[in-house]
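Please examine the internal cavities of the protein shown here.

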Amino acid sequence: MDEYNALTSTLYAFYTFDRWLYQQVYKPKLIKYKSLSSDEQNLLDFYPQLLSNLEQCLGINDSFTKQLALTAAEDWGVTASPDQWTKCTPQDHDKVRLTLLQLAREWSSDGEVERETTYNKILEAVQKRIKNGKVLVPGCGLGRLVFEFVRKGYWTQGNEVSYHMLLALGYVLNRMPMAHSHTVFPYIFKLLHVLRRLFQVRPVSVPDETPTSIYENPDAADLMSMAAGSFVDLYGPRDLAVSEAYTEDAAASDFRGENEGAFDVVATCFFLDTAHNVLDYIKTIHHCLREGGYWVNMGPTLWHYEGDLGTIEVEKDGKKAHSIMEGMELTRDELIGLVERMGFEVEEQDVVKTTYCGDPKALGNFVYDAEFWVAKKRPITNVATKNAESTANKDSSENESRK
């Protein structure tokens with residue numbers, strides 16, 4: 001029942017997105033304009049046209065998100081009508097806003113530079129080391145990186161836990177039969193760093209490529225797979241603490257067993273910092289990679305749970321305990337050291353400047369110094385030796401400091 005409520009509340013967020021949009025985007029400007037004197041309104045003679053443009057953009061976005069919701073409901077077997085779906089929160093509506101930005105990033109020409117900077121670097125690193133093999137993309141969002149791996153001949157599985165992303169992903173991959181078949185307005189929410197008002201209300205055409213084009217190659221038809229659920233729950237080792245993200249569900253446990261050492265590559269892009277316990281993520285990556293397999297990472301250390309004092313209940317060795325969401329915000333050097341101590345050899349490392357869901361026509365965007373690395377999974381014996389050497393060196397240093 002919880003899963004059904006989560007699914008239908010997400011569907012409801014897409015279906016009723018126009019109501020939230022009106023309150024967040026259109027209504028404040030209308031109220032502000034009407035509060036001005038006639039002389040002030042005359043100075044802003046362009047403002048009525050702006051309001052009209054925004055109203056049209058809201059209507060087109062509404063048509064898109066409603067159609068997505070109804071189609072996704074059909075695809076997911078939800079037979080109830082929208083008025084029977086679980087009501088959503090304002091946070092759910094805001095995630096729809098972010099989904100539209102993600103759509104522009106992954107499936108429009110506006111996101112081309114970001115994809116070239118991040119996805120292409122990941123793809124090139126993999127192609128240099130492995131010509132074909134099995135790839136896992138956790139936190140795959142709307143599936144573009146999965147699509148690119150498949151197009152290059154890799155069997156690729158995308159993993160995503162967000163219903164907002166999963167519903168939109170399915171709509172893109174299965175319900176957009178041709179390029180430039182849909183139009184959205186993802187930038188009407190962004191009021192800062194706008195050069196020209198028409199840039200704010202400009203349409204974005206999606207998808208920039210036909211997603212089903214990969215199936216034109218018969219050999220590629222069976223190369224794409226998607227798995228919905230928590231990354232650690234579906235791919236982690238057996239000894240993680242039981243929590244909302246890592247369950248004792250029998251199906252999940254069986255799937256974890258099947259995925260032990262199953263992948264040649266794990267590609268994480270703007271994903272690692274979504275962990276409230278990064279140790280679990282690294283253990284999971286190590287568990288599902290074969291020996292000698294590669295972990296290719298791209299992303300900042302923008303730890304998503306910093307400042308989140310919400311509690312989480314965990315169970316380890318039959319004992320229950322309470323923890324909080326924040327507390328594992330590591331520095332870059334600490335993170336790299338941890339990766340090496342947990343069974344990986346970092347072969348390549350770089351810093352890549354990139355935006356994320358940026359507006360290419362804006363006067364300013366937030367630019368990340370994203371960490372890029374390629375790490376190879378060491379054989380178990382090498383891991384033990386490396387950790388022993390690390391402990392010995394630490395003891396030696398401590399002894400020297402006491403002299």
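The report below describes the cavities and their linings.

The model is predicted, with local features requiring pLDDT of at least 70 and side-chain atom pairs counted only at pLDDT 80 or more, while totals for chains, interfaces and linings use all residues. Residues are numbered from 1 along each chain as its sequence is written, and side-chain values use heavy atoms, without hydrogens and water.

A search of the whole structure yields two cavities of 30 Å³ or more. A cavity is a set of points, on a 1 Å grid over the protein atoms alone, where a 1.4 Å probe fits but cannot get out; lining residues have an atom within 4 Å of a point. Points are joined across faces, edges and corners, and the volume is the space filled by probe spheres set on them.

| Cavity | Volume | Nonpolar lining residues | Polar | Charged |
|---|---|---|---|---|
| Largest | about 60 Å³ | eight | three | two |
| Second largest | about 30 Å³ | seven | one | no charged residues |

Here Ala, Val, Leu, Ile, Met, Phe, Trp, Tyr, Cys and Pro count as nonpolar, Asp, Glu, Lys and Arg as charged, and the others, Gly among them, as polar.

Of the 13 residues lining the largest cavity, Leu-272, Asn-297, Gly-299, Pro-300 and Leu-335 lie nearest its centre. Two or more lining residues come from each of β7 (289-299) and β11 (368-377), and β7 gives the most, with three. Helices (H or I, at least four residues) and strands (E, at least two) are DSSP runs, numbered from the N terminus.

The second largest cavity is lined by Phe-64, Leu-68, Thr-99, Leu-100, Leu-103, Ala-168, Tyr-171 and Val-172. For this lining, α4 (47-75), α5 (90-107) and α9 (163-175) are the elements that give two or more residues.

Key. 1 Å grid on protein atoms, 1.4 Å probe; cavity = no way out; pocket = protein on both sides within 12 Å on 5 of 7 lines; lining within 4 Å.
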